[in-house]
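The following exercises are to be worked through with the sequence and the 3D structure at hand. Each task is followed by a solution in steps.

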Amino acid sequence: MSRIGKNPVSISQGVDVNVKDNVVTVKGKLGELTQTISEGITVKIEDGIITLDRASESKNHKAQHGLMRALISNMIEGVSKGWTKDLELVGVGYRASNQGQKLDLALGFSHNIVLELAPEVKIETISEKGKNPIIKLSSFDKQLVGQIAAKIRSFRAPEPYKGKGVKFVGEILRRKAGKSA
């Protein structure tokens, strides 16, 4: 991870980064994110470029060095461009609809699953005739989008025989052959 930590992070146009008491605050047009920096990692901002240094060559400091650099980079990209995840519902009768921040999923269970989403996440459901329903999640917080997408996928993970379930768009599933007579 230390090779990643050595790479500098450039600050995008319209993004404001502040460091105070081991807390990095990133503000942009889409929102504001904060991250606490681990002990032993120092953050320097010079000429629109962020560099991170570690206190020692210990295994923990090397790992934290790369992690903190990646988190700061993701925060800067999130408040300037945003992050999106697309999920596809594969299966007969699987449906998705949303009213505001409530996502209503029909995944073959006796009752629909209703999920209340955080206000930072924008949700859009696309249902076209003859195509699988698609759920689009977007936000400035990469961790939050990924966590919500994983939660939705966990309701009905794709099974290996027919591929039915909730999967990420573009995800390649390992398929198995069924029973042979």
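A residue counts as buried when its relative accessible area is under 20%, and as exposed when that area is over 50%. The structure shown is a predicted model.

**Exercise 1.** Determine whether Ser38 is buried or exposed, and describe its surroundings.

*Solution.* Step 1: locate the residue. Ser38 belongs to the loop between S4 and strand S5 (41–46). Step 2: apply the cut-off. The relative accessibility of Ser38 is 17%, and the limit for a buried residue is under 20%. Ser38 is therefore buried. Step 3: look for a partner. The side chains of Ser38 and Gln64 form a polar contact (2.5 Å).

**Exercise 2.** Explain where the largest pocket lies with respect to domain 1 (9–81) and domain 2 (83–168).

*Solution.* Step 1: list the lining. Among the lining residues are Leu33, Gln35, Leu71, Phe140 and Lys142. Step 2: assign elements. Strand S4 (32–36), helix H2 (59–80) and helix H3 (142–155) each contribute at least two lining residues. Step 3: conclude. Because both domains give residues to the lining, the largest pocket lies between them. Step 4: add its properties. The volume of this pocket is about 180 Å³, and its lining comprises four nonpolar, four polar and two charged residues.

**Exercise 3.** Identify the strands that S7 is joined to by six bridges and by four bridges.

*Solution.* Step 1: strand S7 (residues 83–90) pairs with strand S12 (residues 134–139) over six bridges, in the antiparallel sense. Within this pairing, Lys85 has Leu137 as its bridge partner. Step 2: four bridges link S7 to strand S13 (residues 165–168), also antiparallel. Here Leu87 is matched with Phe168 as bridge partner.

Conventions. Residues numbered from 1 in each chain as written. Predicted model: local features only at pLDDT ≥ 70, side-chain atom pairs only at ≥ 80, totals over all residues. Heavy atoms only, no water. 1 Å grid on protein atoms, 1.4 Å probe; cavity = no way out; pocket = protein on both sides within 12 Å on 5 of 7 lines; lining within 4 Å. Points joined across faces, edges and corners; volume = space filled by probe spheres on them. Nonpolar A, V, L, I, M, F, W, Y, C, P; charged D, E, K, R; others polar. Domains from an automatic or database assignment. Pairing = 2+ DSSP bridges. Buried < 20%, exposed > 50% of the residue type's maximum accessible area, 1.4 Å probe, protein only. Polar contact = N/O pair within 3.5 Å; in protein donor to acceptor, adjacent residues only side chain to side chain.
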